[in-house]
Amino acid sequence: MNRLSRTRLETYLHCQRRFQLRHVLQLPWPSPPEAMQQTRWQQQGELFHQFVAQYYLGAPAALLDPSIIPPEVQQWWQTFLRQPPAAPSGSRPLVETTVTLPLEGWQIIGRFDLLLVSTEAVQIFDWKTGRVRERAQLAADWQTRLYMALIWGGFHALGVERLPAESLEMTYWYARDPQKSVTLRFDREWQEKNLAEIRRLAAQISRQMEENQAIWPLTDHLETCARCSYRNYCGRSEAAQLVAAPPPDRDEERSEPHLEEAWDEELLMEPRE
Ligand code: SF4
């Protein structure tokens, strides 16, 4: 286990003990995780991603006939076709691309829906079929942070020279309402701080592994335990039952690591929203 993805990092930040049980000790799930059941909206999100990927790979329009797919996906797809994000001339599209960055003994890893790369800019696109989220939420999201760090720390992996911070941007493109899509840019100071924080976390996890601590710290938040399959290992079953886990909506479910780990194991085949 030397890959550190967004979901693994979030797992660690939610509960270090869960990270230890799942990724260090590699204990099997005590019970079948609910995450193994891919929900209808995840399947729809995946389908939409496949259509958009084919579009950027230049598949003939005839192969993208959406007549046999669910109406909701058809609607997102037609919306996309009406107003796809503008690609600057001369940019090179990289579709469903995995980027890794060696850091503190780890391979930091992320899979990008679309990268548009030129000698002057790198644009990250992430397709969203869930509800629109606020700019501030997105800026603080670990997906944003990790993806930015992967590019900021690894321009060479894309075959381009290091670019100014302002030339790197990430767009969350909303299929339900493209007008509300959010593009984020950060200055150099933010990028350096962000990369340093990820480096610090990676080093901290490495240290904990080397120290071989028997039990890593348990989360203080019983709400987290209420939806965790490892409750029995932690003696949290009864306590967790007293706390009502909030019902997930699409975005909350998307950001709950325990719902993503099953996909994470499949080399970052994370559910699509
Ligand atoms: S039950 Fe709670 S403390 Fe134990 S691993 Fe799960 S989230 Fe962490």
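## A walk through the cavity, the ligand and a few residues

In this predicted model, the second largest cavity holds about 90 Å³ of space.

Q: How many cavities of 30 Å³ or more does the count come to?
A: Let's start with the empty space. Rolling a probe the size of a water molecule over the atoms shows where such space is left. Counting cavities of 30 Å³ or more in this structure, you get five.

Q: Which element gives the largest share of the lining of the second largest cavity?
A: Residues lining the second largest cavity include Arg17, Arg18 and Leu21, along with Cys225 and Cys234. The elements that give two or more residues to this lining are α2 (16-24), α8 (222-226) and α9 (231-234). The largest share is three residues, and it comes from α2.

Q: How many charged residues does the lining of the second largest cavity have?
A: Among the lining residues you'll find Arg17, Arg18, Arg231 and Arg236, and Arg goes in the charged class. The rest of the lining splits into six nonpolar and two polar residues. That leaves the charged class, with four.

Q: Which cavity is the space taken by the ligand?
A: Look at who surrounds the ligand: Cys15, Arg18, Leu218 and Thr219 are among the residues around it. Those four names also turn up in the lining of the second largest cavity. The space taken by the ligand is indeed the second largest cavity.

Q: Which elements give two or more residues to the shell around the ligand?
A: The residues around the ligand include Thr224, Cys225, Arg231 and Cys234. By class, the shell divides into five nonpolar, two polar and three charged residues. The elements giving two or more residues to this shell are α8 and α9.

Q: With which residue's side chain does the side chain of Gln20 make a polar contact?
A: Gln20 sits in helix α2. At 3% relative accessibility, Gln20 falls under the 20% cut-off, so it counts as buried. Its side chain makes a polar contact, at 2.6 Å, with the side chain of Arg17.

Q: Is Glu96 buried, partly exposed or exposed?
A: Glu96 lies in strand β2 (residues 92-103), and it has a positive phi of about 45° although it is not a glycine. Most residues other than glycine have a negative phi. Buried means under 20% and exposed over 50%, so with 25% relative accessibility Glu96 counts as partly exposed.

Q: Is Asn212 buried or exposed?
A: Asn212 is another non-glycine with a positive phi, of about 55°. You'll find Asn212 in the loop between α7 (188-211) and α8. Its relative accessibility is 63%, over the 50% cut-off, so Asn212 counts as exposed.

Q: Why is helix α6 largely enclosed by the rest of the structure?
A: Go along helix α6 (residues 142-152) and check who is buried. Trp142, Arg145, Tyr147 and Trp152 are among the buried residues. The helix is largely enclosed because the buried residues number 11 of the 11.

Q: Which residue caps the N-terminal end of α6?
A: Look for a side-chain oxygen by the backbone nitrogen of Gln143. The two atoms lie 2.6 Å apart, and the oxygen belongs to Asp141.

Q: How far apart in space are Trp173 and Pro84, C-alpha to C-alpha?
A: Trp173 is in strand β5 (residues 168-174), and it is buried, with a relative accessible area of 4%. In sequence, Trp173 and Pro84 are 89 residues apart. In space, their C-alpha to C-alpha distance is 9.3 Å.

How values were computed: Residues numbered from 1 in each chain as written. Predicted model: local features only at pLDDT ≥ 70, side-chain atom pairs only at ≥ 80, totals over all residues. Heavy atoms only, no water. 1 Å grid on protein atoms, 1.4 Å probe; cavity = no way out; pocket = protein on both sides within 12 Å on 5 of 7 lines; lining within 4 Å. Points joined across faces, edges and corners; volume = space filled by probe spheres on them. Helix = DSSP H or I, 4+ residues; strand = E, 2+ residues; numbered from the N terminus. Buried < 20%, exposed > 50% of the residue type's maximum accessible area, 1.4 Å probe, protein only. Polar contact = N/O pair within 3.5 Å; in protein donor to acceptor, adjacent residues only side chain to side chain. Near = heavy atom within 4 Å. Sits in = over half its atoms within 2 Å of the grid points.
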